[in-house]
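These notebook entries record what I looked up in the model shown below. I began with the ligand and its surroundings, then turned to empty space and to the backbone.

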Amino acid sequence: MEKNKNCFASDNYAGVCPEAWESLAKANDSFEISYGDDDWTAKACKEIRKLFETDCEIFFVFNGTAANSLALASLCQSYHSIICQEVAHIETDECGAPEFFSNGTKSLLVPGVEGKIDLTAVEKAITKRSDIHYPKPKVISVTQVTELGTVYTVDELRAIGELAQRYSLKVHMDGARFANAVAALNVAPKELTWKAGVDVLCFGGIKNGIPVGEAVIFFNKALAYEFDYRCKQAGQLASKMRFLSAPWIGMLESGAWLKNAAHANKCARLLYDKLSKLKGVKVLFPQQANSVFIELSPAVIEKIRACGWHFYTFIGSGGARLMCSWATKEEDVESFVEDLKAVS
Ligand SMILES: *Cc1c(COP(=O)(O)O)cnc(C)c1O
């Protein structure tokens with residue numbers, strides 16, 4: 001199998017970027033205090049606070065499912081509910097972990113176009129019932145970049161934050177691809193988070209070039225109360241924490257976190273430009289970050305897969321999802337489009 005033909009399957013198919021790798025190697029030079037009380041972790045937290053231009057509580061966990069589930073669990077009691085989009089990763093791709101770690105908090109699904117939550121539907125879910133028999137809405141969860149590759153604007157996020165505040169709900173952001181959203185919108189990270197009312201952000205590093213370790217960032221510090229215990233109980237407290245945190249230093253100090261995301265977005269734009277010109281290819285959603293979703297006939301899917309190309313058709317909407325990463329090359333884009341032309 002030609003490995004580069006895997007390049008559109010997922011951004012977590014890509015390896016570790018040089019900046020993260022270098023930091024990891026540096027962190028391997030000495031003895032360090034374990035369980036997160038080391039200098040690397042302190043420095044990574046400092047860099048993250050600088051990036052968001054605010055004080056905040058930061059925890060590193062092994063993956064995005066743990067980050068989302070534990071963050072959500074810390075915002076809810078078991079009798080509460082979490083409002084999210086129908087295709088949200090927390091609903092469709094985490095094997096019930098948010099419910100598990102929160103001891104049964106229910107998700108309430110709302111529709112919305114292009115992977116975003118519809119605010120009228122959110123308000124309806126909040127106000128529908130106020131009796132004791134309904135799981136009390138407590139959190140609005142948004143995914144930025146959404147599962148369908150679209151990006152919430154600053155105004156959209158502010159409106160969500162205002163709605164949450166009006167009804168005393170908290171806001172959780174699944175930012176597995178947060179960097180791609182920042183690169184796409186070209187705004188300061190604070191504008192998409194705490195300034196818009198986000199209480200906790202799960203900031204993804206893995207899909208953007210880090211080997212392992214997502215950052216859970218509590219802008220509302222009170223909500224981080226005993227979060228360390230939650231991580232430990234869930235098996236998410238790394239003993240050699242420096243290997244989760246050090247790559248973040250390399251990414252943030254060098255600017256690679258944003259450079260990588262911008263590169264992935266650019267590749268997706270190139271792919272979009274070429275694909276949208278092809279006859280018989282229907283692009284399903286606006287291309288705003290690092291993915292392009294297209295509709296292809298089953299026969300074409302079979303033929304393009306027979307050329308060696310690997311991509312998923314079950315994520316999001318059922319279309320073919322082509323995902324770009326920091327490691328995607330422009331010639332991969334060209335080569336995919338040429339093969340698709342040949343088989344269409
Ligand atoms: C990849 C991803 C995650 C994290 O998934 P893990 O496999 O648990 O690291 C979370 N949310 C979204 C939207 C994702 O795409």
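**Entry 1: Ligand contacts**

I noted at the outset that this is a predicted model. I looked up His-89 and found an N or O atom of the His-89 side chain 3.4 Å from a nitrogen atom of the ligand. The side chain of Arg-177 also has an N or O atom to record, at 3.1 Å from an oxygen atom of the ligand. At Gly-64 the partner belongs to the backbone: a polar backbone atom of Gly-64 is 2.9 Å from a ligand oxygen. I then looked up the areas: the ligand taken alone exposes 380 Å², and the protein buries 82% of that.

**Entry 2: The shell around the ligand**

Which residues are around the ligand? I listed Asn-63, Gly-64, Thr-65, Asn-68, His-89, Glu-94, Thr-143, Glu-147, Asp-174, Ala-176, Arg-177 and Lys-207. Sorted by class, this shell has one nonpolar, six polar and five charged residues. I also asked which helix gives the most to the shell. It is α3, residues 64–75, with three residues.

**Entry 3: The largest pocket**

Where does the ligand sit? I found the ligand in the largest pocket. I recorded about 480 Å³ of space for the largest pocket. Its lining comprises 22 residues, and those nearest the centre of the pocket are Asn-12, His-89, Asp-93, Arg-177 and Lys-207. His-89, Arg-177 and Lys-207 are also among the residues around the ligand. By class, I counted seven nonpolar, seven polar and eight charged residues in the pocket lining. Helix α3 provides the largest share of that lining, three residues.

**Entry 4: Cavities**

Rolling a probe the size of a water molecule over the atoms shows where empty space is left. How many cavities of 30 Å³ or more are there? I recorded two cavities of 30 Å³ or more.

The largest cavity holds about 50 Å³ of space. I listed its lining as Ile-82, Ile-90, Glu-91, Pro-98, Glu-99, Thr-105, Lys-106 and Ser-107. Two or more of these residues come from each of α4 (89–92), α5 (97–101) and β3 (106–110). The classes in this lining are three nonpolar, two polar and three charged.

For the second largest cavity I noted a volume of about 40 Å³. Its lining consists of Gly-64, Ala-67, Asn-68, Asp-174, Gly-175, Ala-176, Cys-202, Phe-203, Gly-204 and Glu-214. Gly-64, Asn-68, Asp-174 and Ala-176 are also among the residues around the ligand. At least two lining residues come from each of α3, β5 (170–175) and β6 (200–203), and α3 gives the largest share, three residues. By class I recorded four nonpolar, four polar and two charged residues for this second cavity.

**Entry 5: Backbone geometry**

Most residues other than glycine have a negative phi, and most peptide bonds are trans. I therefore noted two places against this general rule.

Is the peptide bond from Gln-144 to Val-145 cis or trans? This bond is cis, with omega near 0°. I placed Val-145 in the loop between β4 (136–143) and α7 (154–166).

The second place is Tyr-35, which is not a glycine and yet has a positive phi, near 55°. I located Tyr-35 in the loop between α1 (18–26) and α2 (39–52).

Note on methods. Residues are numbered from 1 along each chain as its sequence is written. This is a predicted model: local features need pLDDT of at least 70, side-chain atom pairs count only at pLDDT 80 or more; totals for chains, interfaces and linings use all residues. Side-chain values use heavy atoms; hydrogens and water are left out. A residue is near a molecule or strand if one of its heavy atoms lies within 4 Å of it. A polar contact is a pair of N or O atoms within 3.5 Å; within protein, one must be able to donate a hydrogen and the other to accept it, and residues adjacent in sequence count only if both atoms are side-chain atoms. Accessible areas come from the Shrake-Rupley method with a 1.4 Å probe; for residues, only the protein chains shown count as cover. On a 1 Å grid over the protein atoms alone, a cavity is a set of points where a 1.4 Å probe fits but cannot get out, and a pocket is an open set with protein on both sides within 12 Å along at least five of seven lines; lining residues have an atom within 4 Å of a point. A molecule sits in a cavity or pocket if more than half of its atoms lie within 2 Å of its grid points. Helices (H or I, at least four residues) and strands (E, at least two) are DSSP runs, numbered from the N terminus. Ala, Val, Leu, Ile, Met, Phe, Trp, Tyr, Cys and Pro count as nonpolar, Asp, Glu, Lys and Arg as charged, and the others, Gly among them, as polar. Grid points are joined across faces, edges and corners, and a volume is the space filled by probe spheres set on the points.
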